[in-house]
Amino acid sequence: MHAQMTHVHPLVFIRRNRTLPVPGVVTVRTGQKVSPMDVIAEVEIPTRHYLVDVYRSLGLKTPADAEKLIDRKPGDLLQKNDIIAETGGMFSRVIRTPGPGKIVSISGGRVLIEAESRKVTKTAGMSGLVTEIIEERGAVVETSGTLIQGVWGNMQSGSGGLVIQQETVDGELLPSAIGLNVRRAVLVAGFCKSPEALQAAAAAEVSGIILGTISASILPVAEAQPYPIIVLGGFGRFGLDPISKKLLISSSGREAAVNAVKWDRLTGERPEIIISLPSDGEPYPVEVEYEAGQIVRVHASDHLGKVGTVQKIIPGLTRLPNGLRANAAAVKFEDGEMSVVPLANLDVLHMTSEFLGPTDEGG
Amino acid sequence: MAKETFEANSVLGIDIGSNNTRAILFDVVEDSYHFIASGIAPSSHGEPYFDIGQGVFESILRLQETTGRMLLDNDGNLLIPSRVGGEGVDRFVVTISCSSFLKIVTFGLLNDVSLSAVNKLAYSIYGKVVESIGINDRRPQSVQLDAVLAAEPDLILFAGGTDDGASRSILRMSGLIANILEIMHPARRPRILYCGNAKLGKRISDGFSRLTQVKVTRNIHPTIDDEVLEPALKDLDEMVLDMQQKKLGGLDRMAPLCSTPPIHSNQGFHDVIRFLGRQYDPAKGVLAIDIGGTHSVAAYANHNFSTLHTLGYGLGTGISSIAEKSEIKNLMMWLDGTRSEEEVMDYLWQRSLYPNSIASNQSDLDLELAATRHILRLIMNDLDLRGALPSNRFEPILISGSALNRTITPEQSLLVILDGVQPLGICPLILDKHGMLPLLGAAGRLDPLLPVQVLESTAFTNLASVINAVSNAKPGSVIMQARLVYANGSYIDAEIKQGSIISLPLASGEAGELQLKMLRRTVIEEVNIYNEPFMVRGGVCGVVIDARGRPLRLPENAEKRRELFHNWKFMLGGK
């Protein structure tokens with residue numbers, strides 16, 4: 001059975017496609033070094049239009065009659081009240097633009113004017129090297145460094161120096177933890193259920209927040225923040241898993257790129273933290289089977305949020321405490337407890353084994 | 001049934017869902033098709049495989065393990081047709097429900113005529129109507145245009161005008177659609193299905209085909225009184241499948257192996273329910289609901305009417321739709337108060353991240369069953385709002401979905417369904433525990449005998465025949481006396497109290513005669529025809545009389561709810 005995986009690696013080779021959702025202009029070139037917030041590609045997406053119906057407004061016989069009176073062409077820039085069409089003659093009637101904009105098309109006696117647009121950009125999302133251009137869409141960026149995947153993001157991205165505060169990394173993010181030293185920094189906290197803390201962080205101009213878990217009740221507030229919020233474990237109060245915590249603590253002070261996208265299983269896009277390092281990493285595997293010896297995190301039901309090691313995969317179906325039957329594994333948790341956990345509730349924390357060690361230090 | 005089946009005997013069906021892929025084997029046993037076994041594996045259309053093949057392969061492997069029958073060769077290829085030694089299968093069908101929800105914009109003329117009809121068409125596919133525009137829409141056209149652009153539709157359904165009827169409004173609307181398409185990047189333009197005034201079909205097609213792919217189908221309102229959805233539904237389904245086939249890795253490789261082209265699971269589901277709708281009491285109708293991971297499907301059919309609805313509620317990623325604050329309060333009513341709203345929201349959101357996770361303790365299982373009840377309520381409310389159900393009397397009710405397969409006892413499943421659907425009258429409750437309804441529909445396109453014979457077999461779990469009694473009497477007062485007479489002449493008597501639910505033992509498939517004496521103006525059907533004894537069939541929960549009232553009223557006080565839930569479970573023989 002293929003395993004659900006979350007990648008937590010101290011040093012790996014990372015390759016990411018950074019592409020726009022619609023075709024646009026690529027602003028980088030192959031071989032270019034980029035920083036997390038450098039724009040890779042951009043596009044203007046029209047958001048507001050005027051539709052001026054010359055044919056009906058002038059009560060003409062056919063749309064073709066209207067088009068004969070329109071003295072403009074697609075691409076023309078217009079100011080408010082500019083004349084689009086006029087009948088001429090002694091009692092000339094005119095049609096003017098309702099506001100400034102650019103003519104998109106003229107058809108059927110109607111003039112379509114683009115009044116507003118918004119710029120959509122795609123940033124590099126990590127410090128690295130552009131290795132390939134994806135025409136009209138973006139580029140491939142590569143780096144080596146620390147990779148920590150999350151499960152939820154508020155659709156923002158950013159980067160900043162990683163700031164670890166002892167009292168928040170193990171506990172709740174409270175407004176009192178948002179001091180003057182957090183400007184442009186990426187904060188780390190165990191969990192958050194305080195909307196005020198998130199708002200205070202915005203006022204303090206943080207560059208991002210990394211949370212072990214978040215209360216679902218504050219999701220609307222989290223989604224409204226202008227900086228990235230990434231959640232590593234999920235929803236509730238179980239906080240940071242010890243392995244991610246240790247890795248983040250060991251990276252304190254480094255520049256962390258936070259890509260707080262939504263987890264999309266259909267595209268494989270996942271929220272993640274990338275800390276580029278000046279060493280070469282190896283690529284990581286994208287699929288594994290469940291097997292003994294793996295470090296796993298429980299993501300549902302009993303033992304939620306705990307990390308342990310798979311002792312063995314139990315053959316066949318196992319009866320759970322509530323009577324349901326499922327494929328399961330015997331897992332030894334860090335506190336020494338042994339338990340049987342359904343495989344469907346396990347996330348393999350894929351990481352290089354040399355990083356393992358006592359995880360209670362420094363936290 | 002002694003009819004001959006065709007020479008190809010075994011049929012392997014694969015249903016690729018958003019969470020799981022099922023392999024189901026049907027074969028002929030003693031001249032009749034039977035369900036043999038099923039294998040299930042996580043679907044693999046998403047990360048890390050991005051190809052349906054792995055999930056299909058694993059599900060067939062598990063089917064092989066269960067049956068001991070070789071279906072794959074040493075290279076992992078499907079053995080088709082079957083070999084002399086019995087390895088392999090003769091026919092292969094595939095149904096799909098793992099695609100992402102399409103964003104649909106509908107255009108029509110009159111709200112109650114073409115716009116209403118085209119929205120019905122949209123409800124039937126795996127999608128969501130994100131914008132709907134008719135001629136009575138008071139927004140300026142530029143605002144309508146911006147609204148459609150902001151919605152970023154994958155598909156436009158365009159209806160309006162009777163055949164040889166209105167054309168100017170249609171052409172004006174098509175001008176707006178053309179403007180929208182012109183603004184969008186060619187790679188992002190939605191496809192169009194035109195199902196309006198047939199006279200304009202070619203003109204519409206010619207006009208749009210320079211901008212996007214357009215398909216013209218039969219007018220869904222050829223006259224003002226006639227609504228004909230079937231041909232458009234078929235063309236729409238083909239169009240959507242074609243769109244998804246390009247996105248779904250591995251389907252193009254698998255499709256040539258299929259004995260009939262792959263279809264959407266909801267269409268197969270609908271096929272079977274339509275067939276059943278013609279078999280049962282014409283005064284009632286068959287209701288079937290499948291609760292999936294990202295969406296649910298509901299179909300209703302009677303002798304001359306059928307309807308199909310795909311709704312964005314599910315117990316996987318689709319659970320986030322009920323994890324919103326506004327819905328949590330209603331869901332909390334199905335819980336006994338031992339968990340806070342915050343905990344429940346956190347649980348549901350966590351579940352949406354890991355749709356295949358399993359509740360391993362009783363409290364979490366109770367929460368998932370509460371979510372299932374709530375989803376069933378939401379589905380029934382939506383069907384009601386859409387005017388999809390002529391009445392709340394059904395014969396039978398078929399329910400499928402992994403949530404109900406995860407219950408521990410049949411009584412649990414029964415209570416969840418009754419609490420969620422809250423049917424009226426007399427209805428058999430049937431559980432599709434293997435999730436095979438879509439595949440029966442697909443296989444029925446090969447051989448109509450297959451679904452008929454499998455439906456007659458024991459592949460489905462007949463939970464109970466349920467008699468739903470409604471009375472205004474005080475809780476605890478006797479509203480009915482019941483006598484169930486068994487085939488051997490013995491009988492059992494019961495007094496039914498208002499607010500209770502009881503089970504009279506009658507083994508699955510066995511027939512008994514039920515005599516009911518109504519007291520205190522108790523009603524079962526709209527017309528009280530049950531003064532005479534009538535025949536009932538037993539299920540695994542026997543014959544159930546539900547006198548809890550409609551709609552079910554749950555106490556606000558959590559302690560009282562806990563007691564009530566315990567009593568219901570106890571009365572049905574649970575612990």
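**Exercise 1.** Work out the strand order of the open four-stranded sheet in chain B, and say which strands form its edges.

*Solution.* Start with the order, which is β18-β17-β20-β21 in chain B, with antiparallel pairing; strands here are DSSP runs (E, at least two residues; helices are H or I, at least four residues), numbered from the N terminus, and two strands pair if DSSP finds at least two bridges between them. Next, look for strands that pair on one side only, and these are the edge strands β18 (491–497) and β21 (534–537) of chain B. From one strand to the next the twist averages 30°, where axes are lines fitted to C-alpha atoms, for helices over the stretch in contact, and angles between N-to-C directions run from 0 to 180 degrees. Finally, β17 (residues 478–485) and β20 (residues 511–518) of chain B are joined by six bridges in the antiparallel sense, and B:Gln481 has B:Lys517 in β20(B) as its bridge partner.

The model is predicted, so local features need pLDDT of at least 70 and side-chain atom pairs count only at pLDDT 80 or more, while totals for chains, interfaces and linings use all residues. Residues are numbered from 1 along each chain as its sequence is written, and chains are lettered from A and ligands numbered from 1 in the order in which they are written.

**Exercise 2.** Trace the pairing of strand β16 (residues 461–468) of chain B, and decide whether the strand is mostly covered or exposed.

*Solution.* First take β15 (residues 425–432) of chain B, which pairs with β16(B) in the antiparallel sense over seven bridges; there, B:Gly425 is partnered by B:Asn468. Then take β22 (residues 543–546) of chain B, which runs parallel to β16(B) and is joined to it by four bridges, with B:Val543 as the bridge partner of B:Ser465. As for covering, seven of the eight residues of β16(B) are buried, a residue being buried if 20 or more other C-beta atoms, placed from the backbone, lie within 10 Å of its own, exposed if 12 or fewer, and partly exposed in between.

**Exercise 3.** Describe the two faces of β22(B) and its antiparallel partner.

*Solution.* In a regular strand the side chains alternate between the two faces of the sheet. On one side of β22(B) lie B:Val543 and B:Ile545, on the other B:Val544 and B:Asp546, and all are buried. The antiparallel partner is β19 (residues 501–504) of chain B, joined to β22(B) by four bridges, and B:Ile501 is matched there with B:Asp546.
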